[in-house]
Amino acid sequence: MAGGLCSVAGMLPDLDSDSGIPLREMLCFVSVLVPMLMMPRFEQMGLHTETLVFISAVFYVAVRFGVGSIFRRYTKHRGMWHSIPAALIAGMLAYLVCQCPETGIRIYQAWAVVLGFLSHLFLDEVYSIDLRGRRVKKSLGTAMKWYGDNMWANFFTYAKLVFVMALVFGDHTLLQKLEQHGHQLNRLAQEAMQDGVDAGIDLHR
(Lines give C-alpha, C1' and ligand atoms only; values in the text may rest on other atoms or scores of the structure.)
Protein backbone atom coordinates (compact mmCIF):
# COMPACT_ATOMS: atom_id res chain seq x y z
CA MET A 1 0.00 0.00 0.00
CA ALA A 2 2.77 2.43 0.89
CA GLY A 3 4.55 1.69 -2.39
CA GLY A 4 1.39 2.36 -4.38
CA LEU A 5 0.73 5.60 -2.52
CA CYS A 6 4.33 6.69 -3.11
CA SER A 7 3.92 6.09 -6.85
CA VAL A 8 0.64 8.02 -7.03
CA ALA A 9 2.07 10.87 -4.93
CA GLY A 10 4.90 11.20 -7.43
CA MET A 11 2.33 12.46 -9.95
CA LEU A 12 0.46 14.81 -7.62
CA PRO A 13 2.61 17.93 -8.26
CA ASP A 14 1.47 17.84 -11.89
CA LEU A 15 -2.05 18.79 -10.77
CA ASP A 16 -1.08 22.41 -11.44
CA SER A 17 -0.03 21.61 -15.00
CA ASP A 18 -1.13 24.15 -17.60
CA SER A 19 -2.25 21.45 -20.04
CA GLY A 20 -5.04 20.21 -17.77
CA ILE A 21 -4.56 16.58 -18.82
CA PRO A 22 -2.67 15.47 -15.66
CA LEU A 23 -5.25 17.30 -13.55
CA ARG A 24 -8.17 15.54 -15.19
CA GLU A 25 -6.63 12.08 -15.04
CA MET A 26 -5.38 12.41 -11.46
CA LEU A 27 -8.67 13.75 -10.18
CA CYS A 28 -10.53 10.81 -11.71
CA PHE A 29 -8.09 8.41 -10.08
CA VAL A 30 -8.08 10.11 -6.67
CA SER A 31 -11.88 10.46 -6.57
CA VAL A 32 -12.15 6.66 -6.80
CA LEU A 33 -9.09 5.73 -4.71
CA VAL A 34 -9.83 7.85 -1.62
CA PRO A 35 -13.31 6.37 -0.87
CA MET A 36 -11.79 2.88 -1.22
CA LEU A 37 -9.05 3.75 1.28
CA MET A 38 -11.64 5.14 3.69
CA MET A 39 -13.82 2.00 3.68
CA PRO A 40 -12.38 0.72 7.00
CA ARG A 41 -13.17 4.07 8.61
CA PHE A 42 -16.71 4.05 7.21
CA GLU A 43 -17.24 0.52 8.50
CA GLN A 44 -15.93 1.57 11.92
CA MET A 45 -18.54 4.33 11.90
CA GLY A 46 -21.25 1.68 11.37
CA LEU A 47 -22.43 3.04 8.01
CA HIS A 48 -24.74 0.96 5.85
CA THR A 49 -24.00 -0.13 2.29
CA GLU A 50 -26.28 2.47 0.70
CA THR A 51 -24.57 5.13 2.82
CA LEU A 52 -21.17 4.08 1.50
CA VAL A 53 -22.45 4.28 -2.07
CA PHE A 54 -23.98 7.69 -1.41
CA ILE A 55 -20.81 9.10 0.19
CA SER A 56 -18.61 7.71 -2.60
CA ALA A 57 -20.82 9.33 -5.24
CA VAL A 58 -20.82 12.69 -3.46
CA PHE A 59 -17.06 12.55 -2.97
CA TYR A 60 -16.50 11.73 -6.65
CA VAL A 61 -18.55 14.71 -7.81
CA ALA A 62 -16.93 17.03 -5.25
CA VAL A 63 -13.37 16.05 -6.20
CA ARG A 64 -13.93 15.68 -9.94
CA PHE A 65 -15.60 19.05 -10.40
CA GLY A 66 -15.15 21.09 -7.19
CA VAL A 67 -11.46 20.43 -6.51
CA GLY A 68 -10.72 20.48 -10.24
CA SER A 69 -12.23 23.94 -10.63
CA ILE A 70 -10.23 25.23 -7.65
CA PHE A 71 -6.95 23.93 -9.08
CA ARG A 72 -7.64 25.40 -12.50
CA ARG A 73 -8.52 28.80 -11.13
CA TYR A 74 -6.18 29.31 -8.20
CA THR A 75 -2.98 27.45 -9.08
CA LYS A 76 -0.22 28.10 -11.55
CA HIS A 77 2.50 25.79 -12.78
CA ARG A 78 5.47 25.67 -10.40
CA GLY A 79 3.51 27.68 -7.84
CA MET A 80 3.13 26.78 -4.17
CA TRP A 81 1.72 23.37 -5.09
CA HIS A 82 5.30 22.66 -6.18
CA SER A 83 6.72 23.12 -2.68
CA ILE A 84 7.78 21.26 0.44
CA PRO A 85 4.76 22.50 2.49
CA ALA A 86 2.48 21.06 -0.21
CA ALA A 87 4.25 17.71 0.16
CA LEU A 88 3.62 17.80 3.92
CA ILE A 89 -0.05 18.64 3.34
CA ALA A 90 -0.39 15.69 0.96
CA GLY A 91 1.24 13.40 3.52
CA MET A 92 -1.04 14.48 6.36
CA LEU A 93 -4.11 14.12 4.13
CA ALA A 94 -2.97 10.56 3.43
CA TYR A 95 -2.71 9.99 7.18
CA LEU A 96 -6.31 11.12 7.61
CA VAL A 97 -7.59 9.04 4.70
CA CYS A 98 -5.75 5.78 5.44
CA GLN A 99 -7.38 4.10 8.40
CA CYS A 100 -5.45 1.45 10.32
CA PRO A 101 -5.56 0.31 13.96
CA GLU A 102 -1.78 0.79 14.19
CA THR A 103 -0.71 4.43 14.13
CA GLY A 104 2.79 3.45 13.01
CA ILE A 105 1.46 2.00 9.75
CA ARG A 106 -0.54 5.17 9.04
CA ILE A 107 2.57 7.29 9.63
CA TYR A 108 4.57 4.99 7.36
CA GLN A 109 2.00 5.41 4.57
CA ALA A 110 1.87 9.16 5.08
CA TRP A 111 5.65 9.46 4.77
CA ALA A 112 5.47 7.33 1.61
CA VAL A 113 3.21 10.00 0.09
CA VAL A 114 5.63 12.74 1.18
CA LEU A 115 8.55 10.81 -0.33
CA GLY A 116 6.74 10.33 -3.64
CA PHE A 117 5.78 14.01 -3.76
CA LEU A 118 9.32 15.16 -2.96
CA SER A 119 10.82 12.81 -5.55
CA HIS A 120 8.86 14.68 -8.24
CA LEU A 121 10.07 18.04 -6.94
CA PHE A 122 13.66 16.79 -6.77
CA LEU A 123 13.57 15.53 -10.36
CA ASP A 124 12.14 18.86 -11.48
CA GLU A 125 15.11 20.62 -9.93
CA VAL A 126 17.59 18.16 -11.46
CA TYR A 127 16.02 18.70 -14.87
CA SER A 128 16.65 22.43 -14.47
CA ILE A 129 20.40 21.83 -14.58
CA ASP A 130 21.88 20.96 -17.97
CA LEU A 131 25.43 19.72 -17.31
CA ARG A 132 26.16 19.01 -20.95
CA GLY A 133 25.14 22.47 -22.08
CA ARG A 134 26.59 23.95 -18.89
CA ARG A 135 23.56 26.08 -18.29
CA VAL A 136 20.90 26.45 -15.64
CA LYS A 137 17.26 26.96 -16.56
CA LYS A 138 15.16 29.70 -15.02
CA SER A 139 12.96 27.04 -13.40
CA LEU A 140 15.72 26.16 -10.94
CA GLY A 141 14.51 26.70 -7.38
CA THR A 142 10.82 26.75 -8.27
CA ALA A 143 10.07 23.20 -7.08
CA MET A 144 12.01 22.39 -3.89
CA LYS A 145 11.04 25.51 -1.99
CA TRP A 146 9.47 26.55 1.29
CA TYR A 147 7.86 29.74 -0.05
CA GLY A 148 7.24 31.47 -3.37
CA ASP A 149 7.04 34.99 -4.74
CA ASN A 150 3.31 35.44 -4.08
CA MET A 151 2.67 36.48 -0.48
CA TRP A 152 -0.98 35.41 -0.50
CA ALA A 153 -0.12 32.01 -1.96
CA ASN A 154 2.41 31.51 0.83
CA PHE A 155 -0.11 32.56 3.46
CA PHE A 156 -2.89 30.26 2.26
CA THR A 157 -0.50 27.34 1.82
CA TYR A 158 0.76 27.57 5.39
CA ALA A 159 -2.78 28.20 6.66
CA LYS A 160 -3.85 24.94 5.02
CA LEU A 161 -0.80 23.23 6.49
CA VAL A 162 -1.75 24.33 10.01
CA PHE A 163 -5.41 23.38 9.45
CA VAL A 164 -4.58 19.88 8.23
CA MET A 165 -2.09 19.47 11.07
CA ALA A 166 -4.84 20.31 13.54
CA LEU A 167 -7.07 17.67 11.91
CA VAL A 168 -4.30 15.10 12.30
CA PHE A 169 -3.83 15.83 16.00
CA GLY A 170 -7.59 15.80 16.55
CA ASP A 171 -8.19 12.72 14.41
CA HIS A 172 -9.41 10.47 17.22
CA THR A 173 -11.80 13.12 18.54
CA LEU A 174 -13.13 13.68 15.03
CA LEU A 175 -13.68 9.96 14.52
CA GLN A 176 -15.66 9.70 17.77
CA LYS A 177 -17.91 12.55 16.66
CA LEU A 178 -18.47 10.93 13.28
CA GLU A 179 -19.41 7.67 14.94
CA GLN A 180 -21.98 9.48 17.06
CA HIS A 181 -23.57 10.98 13.96
CA GLY A 182 -23.26 7.87 11.80
CA HIS A 183 -26.97 7.08 12.08
CA GLN A 184 -27.79 10.52 10.66
CA LEU A 185 -25.67 9.76 7.59
CA ASN A 186 -27.43 6.42 7.21
CA ARG A 187 -30.84 8.08 7.29
CA LEU A 188 -29.74 10.74 4.79
CA ALA A 189 -28.39 8.14 2.39
CA GLN A 190 -31.55 6.03 2.65
CA GLU A 191 -33.72 9.05 1.92
CA ALA A 192 -31.56 10.02 -1.07
CA MET A 193 -31.66 6.49 -2.46
CA GLN A 194 -35.43 6.29 -1.95
CA ASP A 195 -35.93 9.65 -3.67
CA GLY A 196 -33.93 8.36 -6.62
CA VAL A 197 -36.04 5.21 -6.81
CA ASP A 198 -39.28 7.20 -6.60
CA ALA A 199 -38.06 9.57 -9.32
CA GLY A 200 -37.22 6.60 -11.54
CA ILE A 201 -40.68 5.11 -11.01
CA ASP A 202 -42.35 8.42 -11.88
CA LEU A 203 -40.28 8.75 -15.07
CA HIS A 204 -41.15 5.19 -16.06
CA ARG A 205 -44.85 5.90 -15.60
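**Figure 1. The second largest pocket of the predicted model holds about 280 Å³ of space.** Thirteen residues are involved in the lining: of these 13, the closest to the centre of the pocket are M92, Y95, A110, W111 and V168. Three helices, α5 (84-97), α6 (103-127) and α7 (151-169), each contribute at least two residues to the lining. The largest share, five residues, is supplied by α6. In character, the lining consists of eleven nonpolar residues and two polar residues, with no charged residue. The structure shown in this and the following views is a predicted model.

**Figure 2. The largest nonpolar core contains 29 residues.** Within this core, the residues that touch the most other members are L12, L15, F42, W81, V113 and F117. At least two residues of the core come from each of the helices α1 (2-9), α2 (21-37), α4 (49-74), α5 and α6. A second core, separate from this one, has eight residues, including Y95, L96, V164 and V168. Two of these names, Y95 and V168, also appear among the residues closest to the centre of the second largest pocket.

**Figure 3. W81 and the residues that it touches.** When residues up to four places away in sequence are not counted, W81 is in contact with L12, P13, L15, D16, F71, A86 and F117. W81 is one of the members of the largest nonpolar core that touch the most other members, and L12, L15 and F117 are also in that group.

**Figure 4. Aromatic rings of W152, F155 and F156 form a cluster.** The count of aromatic pairs comes to four. One pair joins W152 and F155 in an edge-to-face arrangement, with 6.1 Å from centre to centre and 90° between the planes. Both residues belong to helix α7, where they are three residues apart, about one turn of the helix. The cluster is linked by ring pairs and also takes in F156. Is W152 buried or exposed? W152 counts as exposed because its relative accessible area is 54%, and the cut-off for exposed is over 50%.

**Figure 5. A143 lies in the loop between β2 (135-136) and α7.** A143 counts as buried because its relative accessibility is 0%, and the cut-off for buried is under 20%. Leaving aside residues up to four places away in sequence, A143 touches H82, S83, L121, D124 and E125. One of these contacts, L121, is 22 residues from A143 in sequence, while their C-alpha atoms are 5.2 Å apart in space.

**Figure 6. P40 is located in helix α3 (residues 39-44).** How does the accessibility of P40 place this residue, and what is its value? P40 counts as partly exposed because its relative accessibility is 37%, and this class lies between the cut-offs of 20% and 50%. P40 and C98 are separated by 58 residues in sequence, and their C-alpha atoms are 8.5 Å apart in space.

**Figure 7. V162 is a residue of helix α7.** V162 is exposed because its relative accessible area is 53%, and exposed means over 50%. The C-alpha atom of V162 is separated by 8.9 Å from that of I89, a residue 73 places away along the chain.

**Figure 8. The whole chain provides the setting for the close-up views and has nine helices and two strands.** From the N terminus on, the order of the elements is α-α-α-α-α-α-β-β-α-α-α. The chain has 205 residues, of which 37% count as buried. Among the contacts between residues at least 6 apart in sequence, 73% join residues that are at least 24 apart.

How values were computed: Residues numbered from 1 in each chain as written. Predicted model: local features only at pLDDT ≥ 70, side-chain atom pairs only at ≥ 80, totals over all residues. Heavy atoms only, no water. 1 Å grid on protein atoms, 1.4 Å probe; cavity = no way out; pocket = protein on both sides within 12 Å on 5 of 7 lines; lining within 4 Å. Points joined across faces, edges and corners; volume = space filled by probe spheres on them. Helix = DSSP H or I, 4+ residues; strand = E, 2+ residues; numbered from the N terminus. Nonpolar A, V, L, I, M, F, W, Y, C, P; charged D, E, K, R; others polar. Core = buried A, V, L, I, M, F, W, Y, C linked by side-chain atoms within 4.5 Å. Buried < 20%, exposed > 50% of the residue type's maximum accessible area, 1.4 Å probe, protein only. Contact = heavy atoms within 4.5 Å. Phe/Tyr/Trp six-rings, centres within 6.5 Å; stacked < 30°, edge-to-face > 60°.
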